[in-house]
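Me: I am in my first year and would like to look closely at a single part of a protein model, with its surroundings explained step by step. Please take your time over the answer.

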Amino acid sequence: QIALATIYDMCKAVDRTMEITDVHLSKKTGGKTIFYRTNVLSININKERGTTKNPVDSAEFLDDCGIDGDGHSSKGIVKQVSILSVSSIDKVRAMGYKEVGYGDFAENITVGGNVPVHLLPIGTKIFFKNSTVVMRLSQIGKKNHTGPDNISKRTGISLLPTEGIFAQVEKGG
């Protein structure tokens with residue numbers, strides 16, 4: 001913001017009405033933590049495991065359990081919530097599978113931007129803006145589902161084994 005104020009000062013002779021808006025931290029590295037900021041694009045659930053998940057408007061995250069109403073919601077397990085970046089889905093869409101949607105890879109949460117979720121270290125804390133939910137990354141990748149409506153059967157592509165991550169809910173909301 002200090003650098004932007006300097007640029008504003010240099011450019012005000014050209015346009016005094018210019019504005020600097022929407023300044024926020026999108027990535028922070030160094031020190032003990034890495035910080036990414038991204039949007040939750042979709043929350044997806046399905047009562048059955050190994051099937052396409054359906055987008056919902058909101059969801060309740062339960063302490064050490066997962067998402068209420070989802071087939072993977074269970075006390076004490078490692079894979080309570082699955083997360084996939086839209087950049088992974090976009091790679092599949094670029095291969096000609098334009099119809100691929102959020103939840104098709106059986107992910108509970110689809111996040112925006114170019115956050116390389118599958119490169120985050122185990123134990124990474126995951127927070128949601130304007131929410132009390134706190135999760136901890138517990139696993140990277142997993143064996144592919146073989147259900148009849150699984151996207152990998154239609155496309156031959158599976159993302160969760162290499163690019164999906166899984167988290168445990170430490171604090172629900």
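Which residues of helix α2 (residues 86-94) are buried?

Reply: Please keep in mind from the start that this is a predicted model. In helix α2, which spans residues 86-94, the buried residues are V86, S88, I89 and V92. Because these residues cover an arc of only 155 degrees around the axis, they are on the same side of α2. The cover over them includes three strands, namely β3 (40-45), β7 (81-85) and β8 (109-111), and also the helix α4 (160-163). Just after α2 comes G96, a residue whose phi is positive, near 110 degrees.

To understand that cover, it helps to turn to the sheet. It is an open sheet of 7 strands with mixed pairing, and its order reads β4-β3-β8-β7-β11-β10-β9. The edge strands are β4 (54-56) and β9 (125-127), each of which pairs on one side only. From one strand to the next, the twist averages 40 degrees. Helix α2 packs on this sheet, where it touches β3, β7 and β8, and the direction of the helix makes about 60 degrees with that of β7. As general background, strands of a sheet pair through backbone hydrogen bonds, and they do so either parallel or antiparallel.

Among the strands that α2 touches, β7 deserves a careful look. This strand is mostly covered, since 5 of its 5 residues are buried. V81, I83 and S85 point one way from β7, while S82 and L84 point the other way, and all of them are buried. On the side of β8, β7 pairs in the parallel sense over 3 bridges, and there I83 stands opposite I109. With β11 (residues 165-171), β7 runs antiparallel, and 3 bridges join the two; in this pairing I83 stands opposite I165.

The strand β3, which α2 also touches, can be followed outward to the edge of the sheet. It pairs with β4 in the antiparallel sense over 3 bridges, and the bridge partner of I45 in β4 is N54.

If you go from β7 to β11 instead, you reach a strand that is largely enclosed by the rest of the structure, because 5 of its 7 residues are buried. Strand β11 is also joined to β10 by 6 bridges, and these two run antiparallel. One of the places where they meet is R136, which stands opposite Q168 in β11.

Returning to the helix, we can look at the loop between α2 and β8, where A106 lies. The phi of A106 is near 65 degrees, a positive value in a residue other than glycine. Most residues other than glycine have a negative phi, so a positive value deserves a second look. A106 counts as buried, because its relative accessibility is 5%. D64 also has a positive phi, of about 45 degrees, although it is not a glycine. The place of D64 is in the loop between β5 and β6 (66-67), and with a relative accessible area of 31% this residue is partly exposed.

A further detail concerns aromatic rings, for which the count comes to 1 pair. F61 and F128 form this aromatic pair, which is tilted, with 5.8 Å centre to centre and 45 degrees between the planes. Since F61 lies in strand β5 (residues 61-62) and F128 in the loop between β9 and β10 (134-140), the pair ties together parts that are 67 residues apart in sequence. Both F61 and F128 are buried.

Finally, here is the setting of the helix in the whole chain. The protein chain has 4 helices and 11 strands, and buried residues make up 39% of its 173 residues. Of the contacts in the chain with a separation of 6 or more, 60% are between residues 24 or more positions apart. The accessible surface of the chain comes to about 10,100 Å², and 54% of this belongs to carbon and sulfur atoms. Within that setting, α2 has its buried residues on the same side, and the helix packs on the sheet by touching β3, β7 and β8.

Terms used: Residues numbered from 1 in each chain as written. Predicted model: local features only at pLDDT ≥ 70, side-chain atom pairs only at ≥ 80, totals over all residues. Heavy atoms only, no water. Buried < 20%, exposed > 50% of the residue type's maximum accessible area, 1.4 Å probe, protein only. Arc of directions from axis to C-beta. Contact = heavy atoms within 4.5 Å. Pairing = 2+ DSSP bridges. Axes fitted to C-alpha atoms, helices over the stretch in contact; angles between N-to-C directions. Areas by Shrake-Rupley, 256 points an atom, 1.4 Å probe, with all protein chains shown as cover. Phe/Tyr/Trp six-rings, centres within 6.5 Å; stacked < 30°, edge-to-face > 60°.
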